[in-house]
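Please read the following report alongside the sequence and the model. The account starts with the aromatic rings and then moves to the sheet, a helix and one histidine.

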Amino acid sequence: MSYQFPNFEIGDHLTVPLAGMKFGQHHGIYVGDDMVIHFTGDDGATATLVKEMLGAFANGRWISVIPYTKSDRPRWKVVQDAEMKLRDSASYPPYSIWTNNCEHFVNLCKTGKKTSTQASALNSVIEYGSQALFGEENKECVAILFKGLVSYLANYNSNCSSSASNYSSSSPVTVPVPATSPCALRGSEATTTVLLI
């Protein structure tokens with residue numbers, strides 16, 4: 001199948017909808033010659049920076065461009081940073097839905113700041129939802145559990161180009177609980193085990 005793409009400019013922040021999901025975007029940097037650099041993989045453990053054709057990045061989905069102001073970094077510098085991180089991808093930090101996802105990578109190249117509005121929004125939903133559903137005294141414990149489960153699910157499908165599947169497991173999931181949390185027993189590191197069905 002052949003795709004016809006609009007003329008993107010080098011350094012453009014591209015997004016495509018996450019496959020199989022009603023919300024969320026996958027992010028990449030357009031580097032010219034119909035190529036995109038983005039952070040992807042089959043799961044959280046294998047996620048890495050890759051450079052591939054626009055068609056592979058889009059995977060049949062609509063590509064959008066995130067607009068930036070003229071005061072942002074020069075486009076050539078954005079591409080240079082993305083290419084440099086790609087060349088040194090062995091030392092690039094591992095995937096984390098909270099601190100190092102595809103949007104973090106693109107924003108780091110575009111603005112010099114490692115941010116993700118999607119991760120921040122998800123974090124807020126979990127924290128406020130935990131408080132609303134389980135009360136102020138239980139919100140931190142429930143939020144830790146939900147964040148652990150979201151991380152678990154993300155690590156089994158960090159490839160934003162593939163379909164969202166395999167979210168069920170008959171194996172227990174262990175979620176670490178920080179020693180500083182009121183959920184931890186006697187101030188030590190604790191874990192909570194959950195069975196996904």
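How many aromatic pairs does the structure hold? The structure holds 4 aromatic pairs, where rings of Phe, Tyr and Trp (its six-membered ring) pair if their centres lie within 6.5 Å, and planes under 30 degrees apart count as stacked, over 60 as edge-to-face and the rest as tilted. Two of these pairs are set out in the table below.

| Ring pair | Centre to centre | Angle between planes | Class |
|---|---|---|---|
| Phe8 and Tyr30 | 5.7 Å | 55° | tilted |
| Tyr92 and Phe105 | 6.0 Å | 90° | edge-to-face |

This is a predicted model, in which local features need pLDDT of at least 70 and side-chain atom pairs count only at pLDDT 80 or more, while totals for chains, interfaces and linings use all residues. Residues are numbered from 1 along each chain as its sequence is written, and side-chain values use heavy atoms, with hydrogens and water left out.

The pair of Phe8 and Tyr30 links distant parts of the chain, with Phe8 in the segment before S1 and Tyr30 in strand S2, 22 residues apart. Both Phe8 and Tyr30 are buried, a word that here means under 20% relative accessible area, with exposed being over 50% and partly exposed in between (1.4 Å probe, protein chains only). Tyr92 lies in the loop between helix H2 (75–87) and H3, and Phe105 in helix H3, so their pair ties together parts that are 13 residues apart in sequence. Tyr92 and Phe105 are likewise buried, and ring pairs link Phe39, Tyr92, Tyr95 and Phe105 into a cluster.

**Chain and sheet**

The protein chain has 5 helices and 7 strands, which are DSSP runs numbered from the N terminus (helices H or I, at least four residues; strands E, at least two). Their succession from the N terminus is β-β-β-β-α-β-α-α-α-α-β-β. Of the 197 residues of the protein chain, 40% count as buried.

Five of the strands are ordered S4-S3-S2-S1-S5 in an open sheet with antiparallel pairing, two strands being paired if DSSP finds at least two bridges between them. The edge strands are S4 (48–53) and S5 (64–66), each of which pairs on one side only, and neighbouring strands of this sheet are turned by 35° against each other on average, direction ignored.

Strand S1 (residues 13–17) is joined to S2 by 5 bridges, and His13 stands opposite Ile29 in S2. Helix H3 (residues 102–111) packs on this sheet, touching S1, S2, strand S3 (35–40) and S4, and its direction makes about 40° with that of S2; axes are lines fitted to C-alpha atoms, for helices over the stretch in contact, and angles run from 0 to 180 degrees between N-to-C directions.

S2 and S3 pair in the antiparallel sense over 4 bridges, with Ile37 in S3 as the bridge partner of Ile29. These two strands form a hairpin with 2 residues between them, and Asp33 in the turn has a positive phi of about 50°. On the other side of the pairing order, 6 bridges join S3 to S4, and Phe39 stands opposite Leu49 in S4.

Why can S3 be called largely enclosed by the rest of the structure? The reason is that 6 of the 6 residues of S3 are buried; Met35, Ile37 and Phe39 cover one side, and Val36, His38 and Thr40 the other.

**Helix H3**

Helix H3 is also largely enclosed by the rest of the structure, because 8 of its 10 residues are buried, including Cys102, Phe105 and Val106. Asn101 caps the N-terminal end of H3 through a side-chain oxygen that lies 2.8 Å from the backbone nitrogen of Glu103, and the helix is followed by Gly112, whose phi is positive, near 85°.

**His27**

His27 is placed in strand S2 (residues 25–32) and is buried, with a relative accessible area of 4%. Leaving aside neighbours within four places in sequence, the residues in contact with His27 include His38, Phe57, Cys102 and Glu103, contact meaning heavy atoms within 4.5 Å. Val106 is also in contact with His27, and the C-alpha atoms of these two residues, 79 residues apart along the chain, are separated by 6.6 Å.

The side chain of His27 makes a polar contact of 2.6 Å with that of His13 and one of 3.3 Å with that of Gln118. A polar contact is a pair of N or O atoms within 3.5 Å; within protein, one must be able to donate a hydrogen and the other to accept it, and residues adjacent in sequence count only if both atoms are side-chain atoms.
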